[in-house]
Each structure stands twice: as structure tokens, then as C-alpha cells.
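Me: I'd like a close look at the empty space inside this protein, and then a walk outwards from there to whatever else is worth a stop.

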Amino acid sequence: MDPRPADAGNPLLEPWTGPFGAPPFARIRPEHFRPAFDAALIEKRAEIASIVANPEAPTFDNTIVALERAGKTLERVGAAFFALAGADSNDALEEIERDIAPILARERDAILLDEALFARVEALRGTEASLALDAEAARVLDRWRTAFVRAGAGLAPEKKARLAAIGERLAALGAAFGQNVLADEKAFALILDGPADCVGLPESFLAAAARAAAERGIPGKRTVTLSRSSVEPFLRFSARRDLREKVFSAFLSRGANGGAHDNGAIMSETARLRAERAALLGFSSYAHFRLDDAMAKTPEAALALLKRIWAPARAQAQREAEALQATIAAEGGNFKLQPWDWRYYAEKRRKALTGIDERELQAYLPLEAMIAAAFDVACRLFGLSFVERRDIGLYHADARAWTVVGRGGEPIALFIGDYFARPSKRSGAWMNSLRDQQKLDGQALPIVVNVMNFARAGEGEACLLSLDEAHILFHEFGHALHGMLSDVTYPLLSGTNVARDFVEFPSQLYEHWLTRPETLRRFARHHQTGEPMPEALIARLPAAQRCGQGFAAVEFVAAALVDMELHRQSDPGEIDVAAFERRALAAIGMPAAIATRHSAPHFQHIFSGDDYSAGYYSYLWSEVLDADGFEAFEEAGDVFDPALAARLERFVYAAGGRRDPAAAYRAFRGRDPEPDALLRKRGLAGERGRANRRS
Ligand SMILES: [Zn+2]
């Protein structure tokens, strides 16, 4: 095909020759994406066609390695595009995303449903020994075969055609779902008018609220937005019960406001199509299909874990609710505790019980120091160092880049941190990759991005994080390390390309180092005086973190249970997902004063793409691993124990998907994980659970 005029001078299609081979964002404009996607798709189709047309008998090299090499340009263009679509979107990019999502899904399915290609892969199966493959090559062959089978490659043509249509439609639904949530978030801003609206709110919050108002074109005002980093502190500190209710209701109703951005029909169709896809593939439900390729293996195993936590969590939450109701009564309040009251009174109770004032704590957690702390832990565990560089043009002035230097002094990755909330950014926090590590054709160094939504501080002021936000920073940095330390040959096995219920292990494990005295003593310093965090405060933190765990576990497990039950249905039909959610919550005895962490109409983990569908439990599944895994460091008597850190790097952070996740964990820990570690970590274990525990 002739190169089209649009291809000439398209920075997406030229070699990226700047520092680190990073995308030349300064030159990339929205109109470059469609032609670049089109050209990249043509290139990939040609590469796949030549694998299929190869007259030679299938070999590992001419089939699997060739598949691994195919589609480099598409990967590059897609990585640049989805980084922008998530972190700095606009109407033009949103329109492209709606168009391109189903096209990419169709292309992926076209490859995995290609009969001749599947036949070549199948021919290699069972011949691993005669092919003399090393363990990693055998694994990549197995993963490719699994991908073909799970896409439906072995099915009759009419079933394959239906699967392809379903995949395309689901991709479009997923893109629309996320955009609807973003639209509802953009549409809301509560203006705080005068001192009466600001009672109880800390200075740092008010400064961020002023910033947010300015960004929305209402300078001189202060606004609460529907970003979690605005909503949560507002609910925790605002003494205005009426305003808390207003903000909470808007937050809860995202995606469920009727009109053009309502997600009701999207959820229903998504659930139906997912069930149909699973049935075509021979599974009794979508959840059974998804978990078959996860560490948990079956929905029942995941549910067993969720239910094991639910009862003690709910009992604990009920005790917490009674205590909060007592606080309300003691203040002369004559109302029943509601969801918009919970965080406000929980904060008061936590302060009374632990003597810790969240505002006092925040003063010791400036963003810069927490970034430095996250880097330092990586230095002590894995010998990494970080050098900030300003010669790389990124997609937004807020984004910053660091060269990551390995033990031997050589660069191993580029890390990009993009920390502040803005209207063009999706809510939440995540890690994504602009280039995955692999060494099929020489070492390709990873470029990894962490995106957060911290509220920006006022001019000239330090951005102070809540303890939760500092946890988020460490969490996402744990994912980033999983991408940056990756040391595999094949792209399919790189970095975070592991089972969904294993992928949160490196990120959640990393959070443990945040609140260790070894970290806080060095990095948690008062943003004005430079004084270290008082030892008494450091000592009280573990108790403070366990305070309110009933609430935290209930809001999480409830969301995970709804996700799993919804996707466990074999035939959802014309389901009203919101009504289903209400029934499911009633059935488990959801406490009236707690809302689930994500209600279905804005539950992006499960509806904005497939990533965590029938998979929200993954965080808890991984938490069993991180709780049990960190105990290994505690048992060693040194949270930076070099031998353990070396095993952690080798079998987890550097290993990508090279091994089955259970085997990877065993290689690191020396045994299988022990589920009670999770209850101990959350302070939900009964006395028996705690008895054989050293303090
Ligand atoms: Zn995560």
C-alpha cells in the first residue's frame, strides 16, 4: 500500500531518537494518531501474514519469536496514545479512543482467531523437549497457546465470528463507560462560599480547593471536585453535614445520573456479552472463564477468601459504627450515622484513640520527601539510584523524569512521575508503560509512568500527602519497579504481564516499607521546620493504621463480592446491574452507614475495560501474599535483609511472567503463603490468630 501523505512528518511513525528513545510528546498532536494507528495496523497485519505464509514447517523461531517481534510500531503508537488518553486527554483524543478501542480489539482477535496461525502454534506443543527450549522459551510458548485457546482459536467458524463481534463491542462499551464517569466528574464542582462553608477544613485542603477552582475557570473561589483526593479529605474534615451529604451523593451517583452519560445500559450489555463469551468458550460463567487463568483458579476459591474476611470485617465495622454513633451523641447530635458522616467521625475517633491528628501527620509527609523515600527503599533493597533529568520533553509540564541507575552504574529504565490532579486526567492512580523491557533483539530499557491525582498545593507551598496518599505513591511505585526491574527475554512475559491476582503483590508489598521507622526517621520531616517526625508519633502509626480497618475491609470486600457475584451468573439476560448490586449488598448484610468502595455505575476497574472484571478480589488475593511476604523480612530481623531482597528481586520484581505465580512466590518465600497473615496485618485476627505471633 502507498504510504499516505499524512505519514510523512508524523512523529509517531518516525524513529524516536531523543533521550532514552522516549516519545517526542512535544511534537505529537491528536491528529497524528489515526494515521499512525492505521499505518501501524497495516504493518502488523503484514508481519502476521508473513508468519502464516511461511512455507517452512513451524519452528519456535519462525512462529513464536516472530509473533513476539510483530507489531512494534503499533505498540509504540498505542503506548503513547493511551498514556495521553489517561493522563492528559481532550475531546479529540476521547473521540479517537472511542473509535480505536474496538478496532484494536478486532485486530487482536483476528490474530488469535487465525486458524492457520493457531495450527502452527499447536504444532509446536508437546515438542518443547525436542525444540531444546529453555524454561523461559517454553513458558512463552505455553502463554501464547493459552492466549489462542482463551480467545477461542479452537472453535468452529461461526462461534469465532461471534466472539470477534463480542470483543469489539465490549471494547467500545469499556471506552464509553470510562468517558461517562469522567464527564460526570467534570460536571460537578461544589463552590465553597465564605468561611461558613469551610469550617473544619485544613489549610492545605483550602489551598488545593482554590487551585482546583482556578483550573476550572472560577478564580478567586474554592471548589470541591469529585476526584477522590478532593472528596475523601472533604468528607473527613468538613464540619458541614449538609455539604458532606451533597459531595458524597454526587460522588456516589457518578455514572448513574440518567441522561447521555448514564452507564446503566452499558453495564447491562457488558454483563450479558461477557457471559455469552464465556459460554462460547465452554465456561459456566464469565468469572469461571477469567479465574481459570488466574492464581486463584476458580471463583469459589476467590469467594472463600472474601467470605473469610467478610465476617470479622463486618463485626469490626459494626463496633466502629457504634463508637461513631456514641461520638455523635456525645456532641449532642440527634441523627443516625450516615455514609457521609462516617469519615468525619472516624477521623475524630482515630484522633481520640491514637492522639494522631491527620493534619499533624500530613505536615511530615511532603510529596517530595515521599518520592525520595520511595526511591531510597529501592536503593536499599535493589541497589537502584535515581537521577532527575530535564532534557526530556514530556506530555505535560507536571510530569517529571528520572533515569534509574542499576547496581553496576548502568541505566536500567526511565521513570516518569505525574503527580497532580487536573481536569484532563482520569481519576485514580496507576502505572503504565511507554516501553516494556525485553531483550529479544538486544536490551530494550523500559519507560514506566506513575500517574497520581494528588491535590496541588497553593503557590509556593509544599504538597502535603495524607498517609493514604503516601501509601498510593508507594503502591504505584511498586508496580513501576515491577516494570523497571524486569529482566526477561520475551515481551509477552515482561514486567507486570503476570496473573491479575499476582500483579498487586509487588505493589502492595512495597507499601510495607513506607511506615517502617527505618524510612520515616529519615524522610518524614516537617515541611516547615525540617524536624523529624517525633518518635512517639512513629510508634503510634501502626495502631492508627489498624484503626478503622473494619470500615476499610467492608467497603472493599463488598465491592469485590458484587463484582464476583455479578460475573458468576451464567445468563444475566437484561440485567439491571444497579438493582443487582443492591440485592447482593442486602444479601451479605452490608452495614447501612457504609457504601461500597466503588458502586457499579462508576466501577471503572470492572467496566472500563476488562482489566479487573471478576478480578477486584485480586487486591485481597495479592494482600495474602504481601502480608505473608513482608513477615519474612520481619522474621529475618532486618526489613532490608539482603538475602531476602535478592530472592524478591530475582523471583518477583525481575521475573515478569516467567514462572507460574504460585511457583514464583514459593521460590521467594520458601513455602506457600499463609492466609491468616492478611487478618493479622489488618488487625482482624482473633486472639488465637495473634497468639503465635511475635510482636
Ligand atoms: Zn495496584
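How many cavities of 30 Å³ or more does the structure hold?

Reply: Bear in mind that this is a predicted model. The structure holds two cavities of 30 Å³ or more, so let's take them in turn.

The largest cavity has about 120 Å³ of space in it. Its lining is made up of 14 residues, and the ones nearest the centre are Phe248, Arg343, Glu555, Ala595 and Thr596. Three elements, α11, α15 (339-354) and α22 (549-567), each give two or more residues to that lining. Of these, α11 has the largest share, with three residues. By class, the lining of the largest cavity splits into eight nonpolar, two polar and four charged residues.

The second largest cavity comes in at about 30 Å³. You can pick out its lining by hand: Ala271, Arg274, Ala275, Tyr286, Leu566, His567, Gln569 and Pro572. Here the elements with at least two lining residues each are α12 (264-280) and α22. So what gives the largest share to this lining? That would be α12, with three residues. The class count for the second largest cavity is five nonpolar, two polar and one charged. Notice that α22 turns up again: it supplies lining residues to the largest cavity and to the second largest cavity.

Helix α11 also has a second job on the list, this time at an open site. The second largest pocket has a volume of about 370 Å³. It is lined by 18 residues, with Leu252, Glu581, Arg582, Leu585 and Ser599 closest to its centre. Both α11 (241-252) and α23 (577-587) put at least two residues into the lining of this pocket, and α23 gives the most, with five. That lining is made of 13 nonpolar, three polar and two charged residues.

Next, try Ile166, which sits in helix α8 (residues 157-187). Leaving out residues up to four places away in sequence, Ile166 touches Leu273, Glu276, Arg277 and Leu280. Is Ile166 buried or exposed? Its relative accessibility is 0%, and because the cut-off for buried is under 20%, Ile166 counts as buried. For a sense of scale, go from Ile166 to Gly550: the two are 384 residues apart in sequence and 40 Å apart in space, C-alpha to C-alpha.

Now for the metal. The zinc ion has three protein donors, His475 (NE2), His479 (NE2) and Glu504 (OE), lying 2.1 Å from it. Along the chain, the donors follow the spacing H-x3-H-x24-E. The pair His475 and Glu504 links distant parts of the chain: His475 belongs to helix α18 (residues 467-484) and Glu504 to helix α19 (residues 500-511), with the two positions 29 residues apart. Both His475 and Glu504 are buried.

Gln438 is another buried side chain to look at. You'll find it in the loop between β6 (430-435) and β7 (447-454). Loop or not, Gln438 has a relative accessible area of 10%, which means it is buried, since anything under 20% qualifies. A polar atom of the Gln438 side chain lies 3.1 Å from the backbone nitrogen of Leu440. Beyond the residues up to four places away in sequence, Gln438 touches Lys72, Gln443, Ala444, Val488, Thr489, Tyr490 and Pro491.

Two backbone oddities round off the tour. Lys297 has a positive phi, near 75 degrees, in a residue other than glycine. Lys297 lies in the loop between α13 (286-292) and α14 (299-330). With a relative accessible area of 44%, Lys297 is partly exposed, because that value falls between 20% and 50%. Ala614 also has a positive phi without being glycine, near 50 degrees. Ala614 is in a loop too, the one between α24 (604-607) and α25 (618-636). How much relative accessible area does Ala614 have, and is it buried or exposed? The value is 0%, so Ala614 is buried, whereas Lys297 is partly exposed.

Terms used: Residues are numbered from 1 along each chain as its sequence is written. This is a predicted model: local features need pLDDT of at least 70, side-chain atom pairs count only at pLDDT 80 or more; totals for chains, interfaces and linings use all residues. Side-chain values use heavy atoms; hydrogens and water are left out. Donors are N, O and S atoms within 2.8 Å of the metal (3.2 Å for Na, K and Ca); water is not among the atoms, so sites may look incomplete. Helices (H or I, at least four residues) and strands (E, at least two) are DSSP runs, numbered from the N terminus. Buried means under 20% relative accessible area, exposed over 50%, partly exposed in between (1.4 Å probe, protein chains only). On a 1 Å grid over the protein atoms alone, a cavity is a set of points where a 1.4 Å probe fits but cannot get out, and a pocket is an open set with protein on both sides within 12 Å along at least five of seven lines; lining residues have an atom within 4 Å of a point. Grid points are joined across faces, edges and corners, and a volume is the space filled by probe spheres set on the points. Ala, Val, Leu, Ile, Met, Phe, Trp, Tyr, Cys and Pro count as nonpolar, Asp, Glu, Lys and Arg as charged, and the others, Gly among them, as polar. A polar contact is a pair of N or O atoms within 3.5 Å; within protein, one must be able to donate a hydrogen and the other to accept it, and residues adjacent in sequence count only if both atoms are side-chain atoms. Contact means heavy atoms within 4.5 Å.
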